[in-house]
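Grab a pencil and work through a few short exercises on one protein and its ligand. Try each task yourself before you read the solution.

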Amino acid sequence: MYAQMIKSEATSDDPEKLAAFQARIDAGEKIEPKDWMPEGYRKTLIRQIGQHAHSEIVGQLPEGNWITRAPSLERKAILLAKVQDEAGHGLYLYCAAETLGVSRDEMTEMLLDGRMKYSSIFAYPTLTWADMGAVGWLVDGAAIMNQVPLQRTSFGPYARAMIRICKEESFHQRQGFDIMMKMCSGTPAQKQMAQDALNRFWFPALMMFGPSDAESTHSAQSMAWKIKMNSNDELRQKFVDQTVPQAEYLGLTVPDDTLAWNEEKGGYDFAEPDWDEFFEVLKGNGPCSVDRIATRKKAWDDGQWVREGLMAHAAKKRAAKVAAE
Ligand code: FAQ
């Protein structure tokens with residue numbers, strides 16, 4: 001079905017319908033699944049929402065890694081709840097994408113065979129407990145910066161899913177910052193562990209917003225369709241401006257010698273991440289890329305019997321209903 005949709009994108013949309021559609025977007029109306037939409041709009045949404053869903057699901061892995069090793073029962077319960085929230089986010093987002101005519105199975109297959117991506121940040125390892133703090137503080141912090149504006153995105157199911165997701169991400173960000181505060185007010189070794197986590201996660205967190213505006217292939221069209229509300233560089237700048245004072249409050253040093261407040265622009269000047277590294281991660285060459293996909297593939301294969309059982313049950317119920325009619 002998805003393959004058919006991609007084919008049909010080649011047929012150009014009716015210009016009158018396109019103009020009426022753009023007028024609805026410009027007037028701030030929400031587009032709902034059964035409304036007419038350009039094939040490019042549908043395809044872009046499937047790509048973005050599907051990749052977002054995959055990111056939430058794959059994003060459970062680096063933190064799931066620490067559930068059994070959390071330093072106290074309370075920390076374990078909090079981390080467990082957070083990781084379960086991420087699973088919930090993935091499920092709402094898969095549902096939102098399914099309203100566009102793609103199935104969850106198809107999206108999963110595309111993730112596993114490399115046709116769909118997941119956020120670059122989850123290709124990095126979580127080496128110490130302080131990484132749980134850095135992930136909550138920086139990764140959820142970056143996710144919120146990107147997702148709060150998406151509550152106003154033009155596609156109704158996506159915008160509505162974002163409302164709940166953002167509330168939960170705010171809790172996640174706070175719990176991460178709380179871990180960092182504890183580590184930074186602990187022993188010198190604990191504070192050093194927090195600094196090391198910041199050193200390793202700073203640039204990968206900046207990469208979460210995507211390539212620079214000059215390199216972004218989708219931004220212009222996605223912003224015209226209000227699938228994206230801000231450019232990648234705008235959000236990256238806002239994230240740096242918000243996060244640097246938080247690092248100062250913690251007594252940590254952002255690992256960027258060039259970082260300086262720029263009075264004129266009212267924001268920080270900062271170093272770009274290593275974009276070669278980013279594009280390597282996107283190609284599946286991140287430090288944990290192979291492991292992440294192998295883990296998802298194993299989960300998918302292990303769940304085969306459940307899917308078959310559900311289908312057999314549904315077929316049996318259908319047959320019983322037909323026999324009774
Ligand atoms: N990683 O033209 P653009 C989270 C790709 S949720 C991987 O700028 P676009 C919660 C992009 O797909 C994190 N790929 O693309 C959590 C495109 O390739 P394609 C996920 C990336 O779509 C926290 C190409 O580069 N959030 O963290 C990345 O307009 C803690 C060109 O780029 C979302 O998905 C990247 N970082 O803008 C969970 C939010 N950046 O597809 C667990 C929604 C770019 O043509 C624990 N998504 N690419 O092959 C978005 O806002 C956008 O899709 C962007 C990228 C901003 C990510």
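Below are six exercises, each with a worked solution.

This is a predicted model: local features need pLDDT of at least 70 and side-chain atom pairs count only at pLDDT 80 or more, while totals for chains, interfaces and linings use all residues. Residues are numbered from 1 along each chain as its sequence is written, and side-chain values use heavy atoms, with hydrogens and water left out.

**Exercise 1. Cysteines**

Task: Find out how many disulfides the structure holds, and look at Cys166 to see why its sulfur has no bond.

Solution:
- Start with the rule: a disulfide is a pair of cysteine sulfur atoms within 2.5 Å.
- Now count: the structure holds zero disulfides.
- Check Cys166. The closest cysteine sulfur belongs to Cys95, and because it is 18 Å away, that's too far for a bond.
- Next, the burial scale: buried means under 20% relative accessible area, exposed means over 50%, and partly exposed is in between (1.4 Å probe, protein chains only).
- Cys166 has a relative accessible area of 5%, so this residue is buried. Cys184, at 13%, is buried too.

**Exercise 2. Around the ligand**

Task: Work out how many residues surround the ligand, and which are the closest.

Solution:
- A residue counts as near if one of its heavy atoms lies within 4 Å of the molecule.
- That gives 35 residues around the ligand, and the closest are Lys117, Ser216, His218, Lys228 and Asn232.
- Now look at polar atoms. Arg47 puts a polar side-chain atom 3.0 Å from an oxygen atom of the ligand. Gln51 also has a polar side-chain atom 3.0 Å from a ligand oxygen.
- With Met208 the backbone does the job: one of its N or O atoms lies 3.3 Å from a nitrogen atom of the ligand.
- How much gets covered? On its own the ligand has 1,100 Å² of accessible area, and the protein covers 90% of that. (Accessible areas come from the Shrake-Rupley method with a 1.4 Å probe; for residues, only the protein chains shown count as cover.)
- Which helices take part? The elements giving two or more residues to the shell are H3 (39-58), H5 (73-98), H7 (130-150), H8 (156-184) and H12 (275-285). Helices here are DSSP runs (H or I, at least four residues), numbered from the N terminus.

**Exercise 3. Two side-chain pairs**

Task: Name the partner that the side chain of Gln237 contacts, then do the same for Glu86.

Solution:
- A polar contact is a pair of N or O atoms within 3.5 Å; within protein, one must be able to donate a hydrogen and the other to accept it, and residues adjacent in sequence count only if both atoms are side-chain atoms.
- Gln237 sits in helix H11 (residues 232-250), and is buried at 18%. Its side chain makes a polar contact with the side chain of Lys265, at 3.1 Å.
- Glu86 lies in helix H5, and is buried at 4%. Its side chain pairs up with that of Lys82 in a polar contact of 2.8 Å.

**Exercise 4. A phi angle to spot**

Task: Say what is special about the phi of Lys226.

Solution:
- Most residues other than glycine have a negative phi.
- For Lys226, phi is near 55 degrees, a positive value in a residue that isn't glycine.
- Where is Lys226? In the loop between helix H10 (219-224) and H11. At 25% relative accessibility, this residue counts as partly exposed.

**Exercise 5. Far along the chain**

Task: Find how far apart the C-alpha atoms of Asp291 and Ala123 are.

Solution:
- Asp291 belongs to helix H13 (residues 289-302), and counts as partly exposed at 46%.
- Along the chain, Asp291 and Ala123 are 168 residues apart, yet their C-alpha atoms are separated by 8.7 Å.
- Now take Ser216, in the loop between helix H9 (188-207) and H10. Ser216 is buried, at 16%. From Ser216 to Ala123 you go 93 residues in sequence and 20 Å in space, C-alpha to C-alpha.

**Exercise 6. Two residues in a loop**

Task: Decide whether Trp129 is buried or exposed, then place Pro125.

Solution:
- Trp129 is in the loop between H6 and H7. At 10% relative accessibility, Trp129 counts as buried.
- Pro125 is in the loop between helix H6 (104-112) and H7, where Pro125 is partly exposed at 27%.
- For distance, Pro125 and Leu91 are 34 residues apart in sequence and 24 Å apart in space, C-alpha to C-alpha.
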